[in-house]
Amino acid sequence: MAPLSKLATNRIDDLSRRWTAFPNLETVGYYEYFSQSIHTPSIEQKHVDQSKTLQDFTLKRRTLGVFTHELTHWLDHTSTLWGHGNLIRLYEAIDARKHGREVDLWRIPLALADNKRTHFNEYYTEYGPAADSGRPWVATYTCGREYGLDGRIRNDRPVMFVRFSTPSNRLIVRAPLSVAALLETRAVYAELRADLHFISNLSEDDRIITTKLWQTEFMDRLYMARYAAYTVAAHFVANKAKMTNALEAFRYSSLLAGLALNLPPTLFTALRQPDGLEPWQELIPYLIASQNRGYAFLVLASSLPQEELPVEERIGLMLENAGLPTAPEIYTQTLTEMQALGGGVHLRNTGREQRLNGLLSVGFAYQKSFGPASAPYLANDAVLKADMRAVLPPVILGDGQLLQYGTPLPKQCEITEDWVTQSWDEEKQLQEFFGACLP
Ligand SMILES: [Zn+2]
């Protein structure tokens with residue numbers, strides 16, 4: 001694979017700043033949703049080479065750990081029902097701008113809104129007076145509403161929030177339970193598993209010291225309000241199911257997020273309303289109608305039994321409590337829905353259509369073989385155990401080199417200099433049109 005030029009890697013950074021409006025706390029690497037590519041600006045080939053030979057925990061985390069995080073994002077974008085809908089709306093918007101008629105241009109604001117709604121910008125996160133008060137955090141939820149382009153509150157677009165406070169009820173942070181929060185809980189779980197893998201390979205003395213340092217850092221980060229987007233889902237599960245083990249909370253929140261991201265549209269009506277939502281009763285039909293995946297996650301987490309049962313039994317009971325069918329029944333419906341979505345795609349640009357169909361079919365095959373829980377595990381296995389089961393994009397390193405884990409993407413989905421240039425250009429064209437739209 002040909003390395004990318006400095007101009008191309010700068011363009012991915014640029015795209016990421018413009019498109020993925022999300023607090024990018026770790027600038028080590030990111031997944032860029034518009035071009036579906038992974039870039040790690042500060043990691044170069046020499047760091048990757050060193051990470052293979054040196055027993056350097058910090059270096060391994062900053063290279064291999066970051067790769068597992070970003071590859072999990074790519075897997076979730078290309079293989080969940082949410083991701084398929086998002087990709088299709090995005091590709092249709094670009095097609096409308098480049099090849100469509102004037103009457104098709106409405107797809108552009110739709111795709112842009114879809115992206116904003118995935119991440120919800122910082123305005124939706126509220127930091128309270130007790131933001132730095134440390135642990136414990138008590139979680140409750142509230143329901144808010146989006147602002148429309150005209151600045152007015154939208155009743156038809158509710159947002160689920162988790163409100164964390166001190167035991168004396170002083171606000172720490174109120175964070176949206178967004179799709180991005182569900183995606184982050186899975187990517188962070190993959191990273192945590194990678195950390196434990198690196199620790200297990202250290203010499204005994206190093207292992208004892210590193211484990212202690214790691215635990216302290218992990219717990220500190222868990223209770224930092226500014227990291228809430230990364231931890232809100234796991235905190236909520238831990239609070240609801242009374243879990244004291246943080247890693248266990250991430251394991252379950254990652255699993256529940258996988259289910260919420262793949263929940264078929266028809267099953268949103270079946271979700272059993274959890275206690276405490278009474279004050280927002282009139283918003284519930286809109287949560288269902290807009291297939292709010294944060295709401296689905298909230299219902300699942302609130303339905304998780306508190307007693308420590310074997311995972312499958314616990315999930316089975318949770319689905320029953322949530323008013324949903326069994327896991328295999330949901331799974332069958334998810335796959336049927338995915339096929340229907342993919343079958344309805346018709347773009348005027350054949351190259352674009354082939355790329356989209358390529359991504360959707362790779363994602364569908366992945367979902368069919370491994371199910372909704374497995375993205376973090378497969379990303380881990382690909383990076384840490386040279387597992388070839390997952391088809392994955394290359395990681396674009398800071399020096400433009402492409403690093404491949406797992407099996408490479410089919411030709412029509414390759415990440416090349418041309419693809420990056422094209423994406424950068426097309427995103428500008430979408431924004432240009434949107435700038436002409438008035439509230
Ligand atoms: Zn992330």
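Here is a friendly exchange about this predicted model.

Colleague: Happy to look through this with you! How many helices and strands does the secondary structure of the chain come to?
Modeller: We are looking at a predicted model, and its C-alpha trace spans about 60 × 55 × 45 Å along the principal axes. Within that span, the secondary structure comes to 16 helices and ten strands.

Colleague: What radius of gyration does the chain have, set against the globule rule?
Modeller: For 439 residues the globule rule gives 22 Å. The chain comes close to that, so it is as compact as a globular protein of that length, with a radius of gyration of 21 Å.

Colleague: Nice. Among contacts between residues at least 6 apart in sequence, what share joins residues at least 24 apart?
Modeller: Let me start with burial: 42% of the 439 residues count as buried. As for the contacts you ask about, the share that joins residues at least 24 apart is 69%.

Colleague: Which helix gives the largest share of the largest nonpolar core?
Modeller: In soluble globular proteins, nonpolar side chains tend to be buried together. Here the largest nonpolar core holds 117 residues, and those touching the most other members are Leu-71, Ala-233, Val-237, Leu-256, Ala-260, Phe-297 and Leu-300. The largest share of this core is twelve residues, and they come from helix α6 (residues 179-200).

Colleague: Let's zoom in on Val-237. Which residues does Val-237 touch, not counting those up to four places away in sequence?
Modeller: Val-237 is one of the core residues that touch the most other members. With residues up to four places away left out, Val-237 touches Met-243, Ala-249, Tyr-252, Ser-253, Leu-256, Ala-301 and Leu-304.

Colleague: Now to the strands. Which residue is the bridge partner of Ser-165 in β6?
Modeller: Strand β6 (residues 171-176) is mostly covered, with five of its six residues buried. Strand β5 (residues 153-165) runs antiparallel to β6, and five bridges join them. In β6, the partner of Ser-165 is Leu-171.

Colleague: And which residue takes a positive phi in the hairpin of β5 and β6?
Modeller: That hairpin has five residues between its strands. The phi in question is near 70 degrees, and the residue that takes it is Asn-169.

Colleague: Which residue in β6 does Glu-126 stand opposite?
Modeller: Strand β3 (residues 126-127) is joined to β6 by two bridges, and the pair runs antiparallel. Opposite Glu-126, in β6, stands Arg-174.

Colleague: Good, on to Trp-82: buried or exposed?
Modeller: Trp-82 is found in helix α4 (residues 81-99). Leaving aside neighbours within four places in sequence, Trp-82 is in contact with Val-179, Leu-261 and Arg-293. Inside 10 Å it has 20 C-beta neighbours, and 20 or more is the cut-off. Trp-82 therefore counts as buried.

Colleague: What about Pro-265: how many other C-beta atoms lie within 10 Å?
Modeller: Pro-265 is found in the loop between α9 (246-261) and α10 (284-289). Leaving aside neighbours within four places in sequence, Pro-265 is in contact with Gln-291 and Glu-337. Pro-265 is partly exposed, and the count of other C-beta atoms within 10 Å is 13.

Colleague: One last thing: how is α4 oriented relative to α16?
Modeller: The two meet through Ala-93, Ile-94 and Arg-97 in α4 and Glu-426, Gln-429, Leu-430 and Phe-433 in α16. Helix α16 (residues 417-436) and α4 have axes 10 Å apart, and they pack at an angle of about 80 degrees. That makes the orientation of α4 to α16 roughly perpendicular.

Key:
Residues numbered from 1 in each chain as written. Core = buried A, V, L, I, M, F, W, Y, C linked by C-beta atoms within 7 Å. Buried ≥ 20, exposed ≤ 12 C-beta atoms within 10 Å, placed from the backbone. Helix = DSSP H or I, 4+ residues; strand = E, 2+ residues; numbered from the N terminus. Contact = placed C-beta atoms within 7 Å. Pairing = 2+ DSSP bridges. Rg over C-alpha atoms; globule rule 2.2 N^0.38 Å. Axes fitted to C-alpha atoms, helices over the stretch in contact; angles between N-to-C directions. Parallel < 35°, antiparallel > 145°, perpendicular 65-115°, else oblique.
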